[in-house]
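Hi,

Here is the structure I promised to hand over. My notes follow below it, so have a look at the fold before you read on.

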Amino acid sequence: MSETHSFTVPTSIPMVALFGPNDEFLRQIDDAFDSTVHARGNEITVTGDASEAALIERLFDELVAMVGTGQTLSGETVNRSIEMLRAETQERPADVLSLNILSSRGRTIRPKTVNQKKYVDAIADHTVVFGIGPAGTGKTYLAMAKAVQSLQDKEVSRIILTRPAVEAGERLGYLPGSLSEKIDPYLRPLYDALHDMIDPESIPRLLASGTIEVAPLAYMRGRTLNDAFIILDEAQNTTAEQMKMFLTRLGFGSQMVVTGDVTQVDLPGGARSGLRIVQEILGDLDDVQFSHLTPHDVVRHQLVGKIVAAYDSFEARQGADSARARR
């Protein structure tokens, strides 16, 4: 049964900030629901199902809370708020989408999903955190933002970023060129993230001083890393021995974040991924946290999430077909 429900937005909230340029966000909300949403001044009227009207009012409460903190809304913010409310998550969209991790170069880095916020909170609360999930879920990017934040807040004195150079079998000495030329293809994604978060002109200076170090995993062996924020990226491509070696580099005053996607293992010869087995080994340790992200947490182009989900579905069907063929 269709009903009409009205509620009022506080007069302190600029309507153009809430509704978007040319009422873009208001139309977006109207399109997202079966109910009809109209606004006159600061009064909003919803005509439709009572439960949906209540959800829309909650949505506007969340958007008002974000605008009230000075956050600029976007179409993506509106969409993600709707998704969270429909999923009935325990976290409020305003709490998730207003958590500022790092402000740099005119923009603010924030989590965009509930699982991303849980991951960021885990990094804040634990010494060793594993971020496990598919491409595009922000595993490395958010860890990098937390690392830069820790450096700026003087919680650590340096950032160490590392990846296994699997394609070279970690035998970098056999590759032509200087060390920089040898490792650049494997570490370039880490440099790209750094350029988003730090003034590019200061990066060479920070690298030269050792405040930021970017190196292949093979160069971690034999070291103790004190007073550092250490990120191991693409950890699915570590062996069990390499994972143990890396984790035991942890020194005093340091924090580690290990990121990877257990569905994208590139190890040669069928070697078992260290990331696959580490939860069996460390899952019960205090101050070690495993955060899992899913295709729902993909924050690249919306199509990327659909591509990841489609591949997961295809691989599940292939596995089922193989199982039937063996019977």
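Let me start with the smaller topic of strand order: there is an open sheet of three strands, arranged β1-β3-β2 with antiparallel pairing. Two strands count as paired if DSSP finds at least two bridges between them, and the helices (H or I, at least four residues) and strands (E, at least two) are DSSP runs numbered from the N terminus. The edges are β1 (3-8) and β2 (36-40); each has a single partner strand, so one side of each has no neighbour in the sheet. On average, neighbouring strands here are turned by 20° against each other, direction ignored.

Before going further, the ground rules. This is a predicted model, so to speak of local features we need pLDDT of at least 70, and side-chain atom pairs count only at pLDDT 80 or more, while totals for chains, interfaces and linings use all residues. Residues are numbered from 1 along each chain as its sequence is written, and side-chain values use heavy atoms, with hydrogens and water left out.Back to that sheet: β2 and β3 (residues 43-48) run antiparallel and are joined by five bridges, with T45 in β3 as the bridge partner of H38. Helix α3 (residues 50-68) lies across β1, β2 and β3, at about 15° to β1. Axes are lines fitted to C-alpha atoms, for helices over the stretch in contact, and angles run from 0 to 180 degrees between N-to-C directions. Contact means heavy atoms within 4.5 Å.

Now the other sheet. It is open, has six strands in the order β8-β7-β9-β10-β6-β11, and pairs in parallel. β8 (212-216) and β11 (288-292) are at the edges with a single partner strand each, so one side of each is left without a neighbour in the sheet. From one strand to the next the twist averages 15°. β6 (residues 128-132) runs parallel to β11, joined by five bridges, and V129 has Q289 in β11 as its bridge partner. Helix α11 (residues 274-282) packs on this sheet, touching β6, β10 (255-260) and β11, and its direction makes about 135° with that of β11.

How much of β7 is buried? Five of the six residues in β7 (residues 158-163) are, where buried means under 20% relative accessible area, exposed over 50%, and partly exposed in between (1.4 Å probe, protein chains only). β7 pairs in the parallel sense with β9 (residues 228-232) over five bridges, and I160 stands opposite I230 in β9. Five bridges also join β7 to β8, again parallel, with L161 opposite V214 in β8.

On to the cores. A nonpolar core here is a set of buried Ala, Val, Leu, Ile, Met, Phe, Trp, Tyr and Cys residues joined through side-chain atoms within 4.5 Å. The largest one has 32 residues, and L161, L194, M197, I198, V214 and I231 have the most contacts inside it. Two or more residues each come from α6 (114-125), α7 (139-152), β7, α8 (179-197), α9, β8 and β9, and α7 gives the most, with seven residues. Leaving out residues up to four places away in sequence, M197 touches L102, S104, I109, Y141, M144, A145 and V148. Apart from this core lies another, of 30 residues, among them L18, L26, I82 and L85.

One last residue to look at is I203, which sits in helix α9 (residues 203-209). I203 is buried, with a relative accessible area of 3%. Not counting residues up to four places away in sequence, I203 touches L194, H195 and I198. I203 and A147 are 56 residues apart in sequence and 14 Å apart in space, C-alpha to C-alpha.

Cheers
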